Amino acid sequence: MEPSRDYPLFGGAFSATLPPGAIDVSDLRPVPDNQEVFCHRMTDQSLIVELLELQAHVQGEEAARYHFEDVGGVQGARTVQVEAVQPLLLENLALRGCCEEAWVLSGKQQVAKENQQVRAGRVSDVQEG
C-alpha cells in the first residue's frame, strides 16, 4: 500500500496530506482555478478544496455552514449533511497573521458527477440523445 503524502495546493500556498490512492483530477480534466480536486481510484469518493469569497453577513461557525450549503446548492446536491464544525487554533496556521479565525467543517454532499444525475439515492449516467 502506498503511503499518504503531502501535496502542494494552489501553487504551493499551503499543502494537504492525501491518503493512499488519491489522484489529482486536474491530470484528467480541467479544474477551476479556485479548486483542488482529488478522487480515489477504487471508490466513488472525492475531496474538493475550494477557495471561496468572504461573505461579511455571516461569521464564525455559521460562515462555514453557509459556504458548505451554498456550494451544495450550486452543485445541485441531493443531500447536504454537516457532521461537525470546529475552530482551528490560530497558532497552528501558517496564515495566522492574516486571519482572525479559522474553521473546519466536515460533512457529506450527494452530488452527481459530470454527465451523471442523482436518482433515488444513487448516481446514474445521463444519456444524451
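Reader: Let me pin one thing down: buried means under 20% relative accessible area, exposed over 50% and partly exposed in between (1.4 Å probe, protein chains only). On that scale, is Gln35 buried or exposed?

Author: Gln35 counts as buried, with a relative accessibility of 16%. Keep in mind that this is a predicted model, where local features need pLDDT of at least 70 and side-chain atom pairs count only at pLDDT 80 or more, while totals for chains, interfaces and linings use all residues. Residues are numbered from 1 along each chain as its sequence is written, and side-chain values use heavy atoms, with hydrogens and water left out.

Reader: Fine. Where does Gln35 sit, and which residues is it in contact with?

Author: Gln35 lies in strand 4, residues 35-40. Helices (H or I, at least four residues) and strands (E, at least two) are DSSP runs, numbered from the N terminus. Leaving aside neighbours within four places in sequence, Gln35 is in contact (heavy atoms within 4.5 Å) with Phe10, Ile48, Val49 and Glu50.

Reader: Phe10, then. Where is that one found?

Author: Phe10 is in the loop between strand 1 (5-9) and strand 2 (14-18). Its phi is near 50°, a positive value in a residue other than glycine. Phe10 is also buried, at a relative accessible area of 17%.

Reader: Which residues make up the largest nonpolar core?

Author: Seven residues do: Tyr7, Leu9, Phe10, Ala16, Leu18, Ala22 and Phe38. Strand 1 and strand 2 each supply at least two residues of this core. A nonpolar core here is a set of buried Ala, Val, Leu, Ile, Met, Phe, Trp, Tyr and Cys residues joined through side-chain atoms within 4.5 Å. In soluble globular proteins, nonpolar side chains tend to be buried together.

Reader: Any ring pairs? How many aromatic pairs does the structure hold?

Author: It holds two aromatic pairs. The rings of Tyr7 and Phe38 have their centres 5.1 Å apart and their planes at 80°, so that pair is edge-to-face. Tyr7 lies in strand 1 and Phe38 in strand 4, so the pair ties together parts that are 31 residues apart in sequence. Phe10 and Phe14 form a tilted pair, 5.6 Å centre to centre with 45° between the planes.

Reader: What are the cut-offs for those labels?

Author: Rings of Phe, Tyr and Trp (its six-membered ring) pair if their centres lie within 6.5 Å; planes under 30 degrees apart count as stacked, over 60 as edge-to-face and the rest as tilted.

Reader: And Phe14 and Phe38, buried or exposed?

Author: Phe38 is buried, at a relative accessible area of 3%. Phe14 counts as partly exposed, at 33% relative accessibility. Beyond four places in sequence, the contacts of Phe38 include Tyr7, Leu9, Leu18 and Leu47.

Reader: Switching to charges. How many salt bridges does the structure hold?

Author: Two, where a salt bridge is a side-chain nitrogen of Lys or Arg within 4 Å of a carboxyl oxygen of Asp or Glu. Glu61 pairs with Arg65, the closest N and O atoms being 3.2 Å apart. These two are four residues apart in helix 1 (residues 60-74), so they are separated by about one helical turn. Glu61 is partly exposed at 29% relative accessibility, and Arg65 is partly exposed at 25%.

Reader: Which residues form the other one?

Author: Lys108 and Glu83, with the closest N and O atoms 3.7 Å apart. That pair links distant parts of the chain, with Lys108 in strand 7 (residues 103-110) and Glu83 in strand 6, 25 residues apart. Lys108 counts as exposed at 52% relative accessibility, while Glu83 is partly exposed at 45%.

Reader: Zooming out, how do the elements of the protein run?

Author: From the N terminus on, β-β-β-β-β-α-β-β-β-β, with one helix and nine strands. Of its 129 residues, 22% count as buried.

Reader: Where is confidence lowest, and where highest?

Author: pLDDT is the predictor's confidence in each residue, from 0 to 100. Its mean over the protein is 82, and 84% of residues reach 70 or more. Confidence is lowest in strand 9 (residues 122-125), at a mean of 37, and highest in strand 6 (residues 79-87), at 94. Over residues 118-129, pLDDT stays under 50. Where pLDDT is low, the predicted coordinates should not be read in detail.
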